[in-house]
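Student: I'm new to this one and would like a close look at a single part, the surroundings of the ligand. Could you walk me through it and then link it to the rest of the fold?

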Amino acid sequence: MKNGSHSREVLIVGAGIIGIACAHYLAKTGRSVTVIDQRKLAGGCSHGNCGYICPSHVLPLTEPSAIKTALKSLFNPKAPFRVKPQLDPTLWQWMWQFAKRCNHRQMIANGKHLQAILNSSMQEYQKIIAEEKLECEWKEEGLLYVFRTAKGLKAYAETDRLLSETFGIKSRPLAGDELSSFDAAFTSGLAGGFHYPGDASLRPDLLNQGWIERLKARGVRFIENCKLVRVTKSKKRISNIHTTRGEWEADEIVFCLGAWSPRLCEELGCKIPIQPGKGYSITMSSVKDSPKYPMLFPEEKVGISPFREGFRIGSMMEFAGYDRIIPPRRIAQLKQSARPYLHTQWSEEGGEPWYGWRPMTWDSLPIIGRVPSLENAFLATGHNMLGMSLATATGKLIAELIEGDSPHIDLEPYSLRRFQSGK
Ligand SMILES: Cc1cc2nc3c(=O)[nH]c(=O)nc-3n(C[C@H](O)[C@H](O)[C@H](O)COP(=O)(O)OP(=O)(O)OC[C@H]3O[C@@H](n4cnc5c(N)ncnc54)[C@H](O)[C@@H]3O)c2cc1C
């Protein structure tokens, strides 16, 4: 197949939330947009995640205590953050670069870079939800962080103070007996929590489907089961894209391949240091006393996302390569971790288990920008644990870049060049 008849055609490879958001903003500029995906649309990491749109999550994973946590996990198969010992030099190089950044100074610096794009993304979501009226269970109720033990609550109070003083993110502290006013599902005896009113939540699969349908109605073409295999380059440009469904030409190509991005390094002639950070969720049907409020239990590193129908428990971060298995013990662990907080009477059987590979960079920042050696190739990837939250600003930035407009946020911190220099 060859479709070179259209001028100003943009091809987006990867139909996760990042590819969809790029399609939205590029279609608005009047470009002719096609999105392809190797599998079904939005069937990757953007499907079964927790759906928090959370400007409160400014702190990168590279916090000072992260190395200790990672080392401990080597010997604990039940740890929510786990590195599976394996002989993969790219993983160990990634870990080394990650470890180098686990200090207060870099945590704050990268937190500021994350905050710029998180805040912009939230504003864009508010506009899009209002304008497009997308049915995705959008709720601007905030996010609750809940603690079981006084020790956990006290330790987190330091982080909350940092968020307030350094990033201006304000929360409302809650005593244990105030929690039930948020959600009747809480057990008694919890230590307390913090409410971040600036966060929102949505149901990811509904957002993806609704947004794709809206874009299709505007002429954006979505093609599934169409895998990018290789590219042909000519004079610093990609001239052809070779897929399992034929050959394509486009004026610009945007690669939104999430955790699969490193497989493209050789084709694009650049380093894309991303590791898959595997997480799991289980989506349960509504039962008696289902939780109603989006909440996190940081002591267990578990999140609960209530939906109109049912609710989701999500967590875990495993560095285990491109592993597709969903071990029943990990799903059982998700449910067990939430048990002490909720008196919801769910069954130990059933539910819809899911895994996703988060595209993890070693500095917790996304990669948004032009491929250094190619004039018409762009990357929008590496959104780590925040791809839903960062999608809209990412799409806007990519459209600005392709249109030659000044980016609304400084793009330098997200540039691929930061890896090429080896810093
Ligand atoms: C348990 C869990 C909970 C999470 N909760 C949240 C949350 O609450 N809030 C939040 O902001 N983020 C959350 N995340 C993170 C978020 O899900 C990801 O950051 C985001 O989905 C990444 O989106 P993406 O479009 O880059 O990747 P993906 O959705 O994985 O999309 C990449 C697409 O590229 C396609 N592709 C790959 N290779 C090719 C090829 N060769 N040819 C064609 N297509 C190809 C894939 O099939 C896939 O569809 C969570 C993640 C997990 C695992």
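Tutor: Here is a tour that starts at the ligand and moves outward to the domains, sheets and helices.

First, some housekeeping. This is a predicted model, so to speak of local features we need pLDDT of at least 70, side-chain atom pairs count only at pLDDT 80 or more, and totals for chains, interfaces and linings use all residues. Residues are numbered from 1 along each chain as its sequence is written.

Now to the ligand. Its shell is made of 40 residues, and the closest are Gly16, Gly44, Gly258, Gly279 and Gly387; a residue is near a molecule if its C-beta atom, placed from the backbone, lies within 6 Å of it. By type, the shell divides into 18 nonpolar, 18 polar and four charged residues. Here Ala, Val, Leu, Ile, Met, Phe, Trp, Tyr, Cys and Pro count as nonpolar, Asp, Glu, Lys and Arg as charged, and the others, Gly among them, as polar. Helix H1 (17–28), helix H9 (387–403), strand S14 (274–284) and strand S18 (352–361) each supply at least two residues of this shell. Helices (H or I, at least four residues) and strands (E, at least two) are DSSP runs, numbered from the N terminus.

Step back and you'll find two domains. Domain 1 covers 9–46 + 206–273 + 364–420, and domain 2 covers 62–107 + 138–199 + 275–361; these bounds come from an automatic or database domain assignment. Both domains give residues to the shell around the ligand, so the ligand lies between them. The centres of the two domains, taken over C-alpha atoms, are 28 Å apart. As for where they touch, 14 residues of domain 1 are in contact with nine residues of domain 2, contact meaning that the C-beta atoms, placed from the backbone, lie within 7 Å. The touching side of domain 1 has six nonpolar residues, eight polar ones and no charged ones.

Let's follow H1 away from the ligand. H1 lies across strand S1 (9–13), S2, strand S13 (252–255) and strand S20 (377–381), and runs at about 170° to S2. Axes are lines fitted to C-alpha atoms, for helices over the stretch in contact, and angles run from 0 to 180 degrees between N-to-C directions. Those strands belong to an open sheet of six, in the order S9-S2-S1-S13-S20-S19, with mixed pairing; two strands pair if DSSP finds at least two bridges between them. Strand S9 (221–223) and strand S19 (367–370) are at the edges with a single partner strand each, so one side of each has no neighbour in the sheet. On average, neighbouring strands here are turned by 15° against each other, direction ignored.

Look at both ends of that sheet. At one, strand S2 (residues 32–36) and S9 run parallel, joined by three bridges, and Thr34 stands opposite Arg221 in S9. At the other, S19 and S20 pair in the antiparallel sense over four bridges, with Ile367 opposite Thr381 in S20. S19 and S20 form a hairpin with six residues between them.

There is also an open sheet of three strands, ordered S10-S11-S12, with antiparallel pairing. Its twist averages 25° from one strand to the next. Six bridges link S10 to strand S11 (residues 237–243), and Ser234 stands opposite Arg237 in S11.

Finally, take a look at helix H4 (residues 104–132). Its 29 residues reach 41 Å from first C-alpha to last, close to the 42 Å expected at 1.5 Å a residue; that expected span is 1.5 Å times one less than the number of residues. Just after H4, Lys133 takes a positive phi of about 50°.

Conventions: Two residues are in contact if their C-beta atoms, placed from the backbone, lie within 7 Å.
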